[in-house]
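These are my notebook entries on a structure that I went through element by element. I set down what I looked up and what I found.

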Amino acid sequence: MRRAAALLLGLCLLWPAVPASAADRAPTGWASTGHGTTGGAGGRTWTVDTRAELEAALANDGEPTAPKVIRVVGDVNGHESDDSSLLGEQDYAPRYDLRRYMSCFGEDGSAWSDTRFGYCKQQRQLRQTGSNNEKAQIQLTLPSNTTLVGAGRDARLLGVFLTVNTGTDIIVRNLRLEAPVDHFSSWSPDDGARGSWNARFDAMTVLTGRNIWIDHCTFTDGRFPDSAAPLGFHGERVQRHDGLLDIEDGSDLITVSDSRFEEHDKATLVGSGDGRGDRDRGHLKVTFARNLFTDIVQRAPRVRFGQVHVVNNVHRGRAPLYALGVGVESAIFSERNVFRYPGGGRSLAVAAYGGTQFHDTGSWLNGRPARLNAVASALGLGSDVGWDPADVYDHRVLPSPAAVERYVLRHAGAGRPHGRP
């Protein structure tokens, strides 16, 4: 361990900074249903401050699904090798060159050719090899019956691709998750009108997970914002980030509460594709409660198939493409959310992406009633989503925009004091 025992003792005293009430120790929303969500309570406690230690704690001495609580101290970097050096693009794929890779599509990026230049086939292979090597290094998977919690106010996962794959009963709390930079984003000329970059890694991905609570976390691009990415085709930046938090492949009974999503394009996706109804239909029950979305371009969240409750969240900053995306067979129940966008624009809050129903109760735009049901109706959406959260679980709702903003701005995010709404 890098830190002295005295420092660890001090961090124990700092977390939680405010004594947790009974409400803080159990989730609200969908994660409270079924058998509930307790994570690794009662199991072994690990304290880690390196990637290698975190990987070992997740393995839990050969019993990965036995209950365990993993406390993260300070920074854990996904690119940290066993000798403590930090790996970069050339470590994953020596001789890979973004400019050479781009040149093999032609000046306008319209079509790849292995024979356009002598190095094109090599660059194609290096990009794929590098992507696989980076994934193998930065991906860490949370097994069932795990609590992953930041110790103190400054615990961070930097460039870690945190995943759940068929895991159940998992809690992630009090962590700042800085989204990985994909050094090997792929260009797809036929994606959209002029082509698109496709990055591979999220800050966190949940695949076929169940009873999961993500609480008091901060999701961000951090030190590597999109504005700092190299220029790609058509004078636009290379997209090196995928999502902040994606929930896919039949995942279910999940709550995301009191967390922050900051300065990102595609923030959070529920449901992996329009054609995945065989896996997702009847699942993807997710609650987003009291979260802060700041300078998010889109997907806050975008939903397919799921019964998703968005309640007392705050959306603010630059005007987005949209906040709530109504996808195929989705049933979004929006309740008393706050939208603050310069210049207003109710249409920014809701967008239709193949869905047919959307319901809002009492949300506000710039301090006034947002009337989102009227916005949805203008998009051709009905208001009967077929369910009401009050019929499924108990939850408290802050009744005014001032109360919502006051609570969320004080309590949402890693290192913030816990409160009771």
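**Entry 1. Helix H8**

Which residues of helix H8 (residues 401–411) are buried? I first noted that the model is predicted. I then listed the buried residues of H8 as Pro 401, Ala 403, Val 404, Glu 405, Tyr 407, Val 408 and His 411. I next looked up what covers these buried residues, and the cover includes strand S15 (260–266), strand S18 (292–298), strand S21 (314–316), strand S24 (338–340) and strand S27 (364–365). Just after H8, I recorded a positive phi of about 110° at Gly 413.

**Entry 2. The parallel sheet**

I traced an open sheet of eight strands in the order S3-S5-S10-S13-S16-S19-S22-S25, with parallel pairing. Its edge strands are strand S3 (139–142) and strand S25 (350–353), each of which pairs on one side only. At S25 I followed the pairing with strand S22 (residues 324–327): the two run parallel and are joined by four bridges. Within that pairing, Gly 327 stands opposite Tyr 353 of S25. At S3 I looked for a helix and found H5 (residues 120–138), which lies across S3 and strand S5 (161–165) and runs at about 45° to S3.

**Entry 3. Strand S14 and its partners**

How many residues of strand S14 (residues 252–257) are buried? I found six of its six residues buried, so I entered S14 as mostly covered. I then checked its partners. Strand S11 (residues 210–215) runs parallel to S14 and is joined to it by five bridges, with Asp 215 opposite Ser 257. Strand S17 (residues 286–289) also runs parallel to S14, through four bridges. There, Thr 255 has Thr 287 of S17 as its bridge partner.

**Entry 4. Aromatic rings and charges**

I obtained a count of 19 aromatic pairs. One of them joins Phe 117 and Tyr 119, which are stacked at 5.4 Å centre to centre with 10° between the planes. Phe 117 has a relative accessibility of 37%, so I entered Phe 117 as partly exposed. I also looked at Phe 219 and Phe 261: their ring centres are 4.9 Å apart and their planes are at 5°, so this pair is stacked. The pair links distant parts of the chain, with Phe 219 in strand S12 (residues 218–220) and Phe 261 in strand S15, 42 residues apart. Both Phe 219 and Phe 261 are buried.

I noted one aromatic cluster formed by Tyr 96, Tyr 101, Phe 105, Trp 112, Phe 184, Trp 187, Trp 197 and Phe 233. I then turned to charges over rings. The charged end of Arg 100 sits over the ring of Tyr 119, 4.3 Å from the ring centre. Lys 285 lies over the face of Trp 30, at 6.0 Å from the ring centre.

**Entry 5. Nonpolar cores**

Which residues touch the most other members of the largest nonpolar core? In this core of 63 residues, I found them to be Leu 157, Met 204 and Phe 219. For Met 204 I looked up the contacts beyond its neighbours within four places in sequence; these are Leu 142, Leu 162, Val 164, Val 172, Ile 214, Phe 219, Leu 244, Leu 245 and Asp 246. Apart from the largest core lies another, of 16 residues, among them Tyr 92, Phe 105, Leu 126 and Trp 197.

**Entry 6. Loop residues**

I located Ala 199 in the loop between strand S9 (196–198) and strand S10 (204–207). Its relative accessible area is 14%, so Ala 199 is buried. Ser 185 is 14 residues from Ala 199 in sequence, yet the C-alpha atoms are 4.6 Å apart in space.

I then searched for backbone exceptions, since most residues other than glycine have a negative phi and most peptide bonds are trans. A cis peptide bond joins Ala 300 and Pro 301, with omega about -5°; Pro 301 is in the loop between S18 and strand S19 (302–303).

Is Asn 174 buried or exposed? I found Asn 174 buried, because its relative accessibility is 1%, under the 20% cut-off. Asn 174 is not a glycine but has a positive phi of about 55°, and its place is in the loop between strand S6 (168–173) and strand S7 (176–178). Arg 371, also not a glycine, has a positive phi of about 50°. I placed Arg 371 in the loop between strand S28 (368–369) and helix H7 (372–378). With a relative accessible area of 57%, Arg 371 is exposed.

Terms used: Residues are numbered from 1 along each chain as its sequence is written. This is a predicted model: local features need pLDDT of at least 70, side-chain atom pairs count only at pLDDT 80 or more; totals for chains, interfaces and linings use all residues. Side-chain values use heavy atoms; hydrogens and water are left out. Buried means under 20% relative accessible area, exposed over 50%, partly exposed in between (1.4 Å probe, protein chains only). Contact means heavy atoms within 4.5 Å. Rings of Phe, Tyr and Trp (its six-membered ring) pair if their centres lie within 6.5 Å; planes under 30 degrees apart count as stacked, over 60 as edge-to-face and the rest as tilted. A charge sits over a ring if NZ of Lys or CZ of Arg is within 6 Å of the ring centre and within 35 degrees of the ring normal. A nonpolar core is a set of buried Ala, Val, Leu, Ile, Met, Phe, Trp, Tyr and Cys residues joined through side-chain atoms within 4.5 Å. Two strands pair if DSSP finds at least two bridges between them. Axes are lines fitted to C-alpha atoms, for helices over the stretch in contact, and angles run from 0 to 180 degrees between N-to-C directions.
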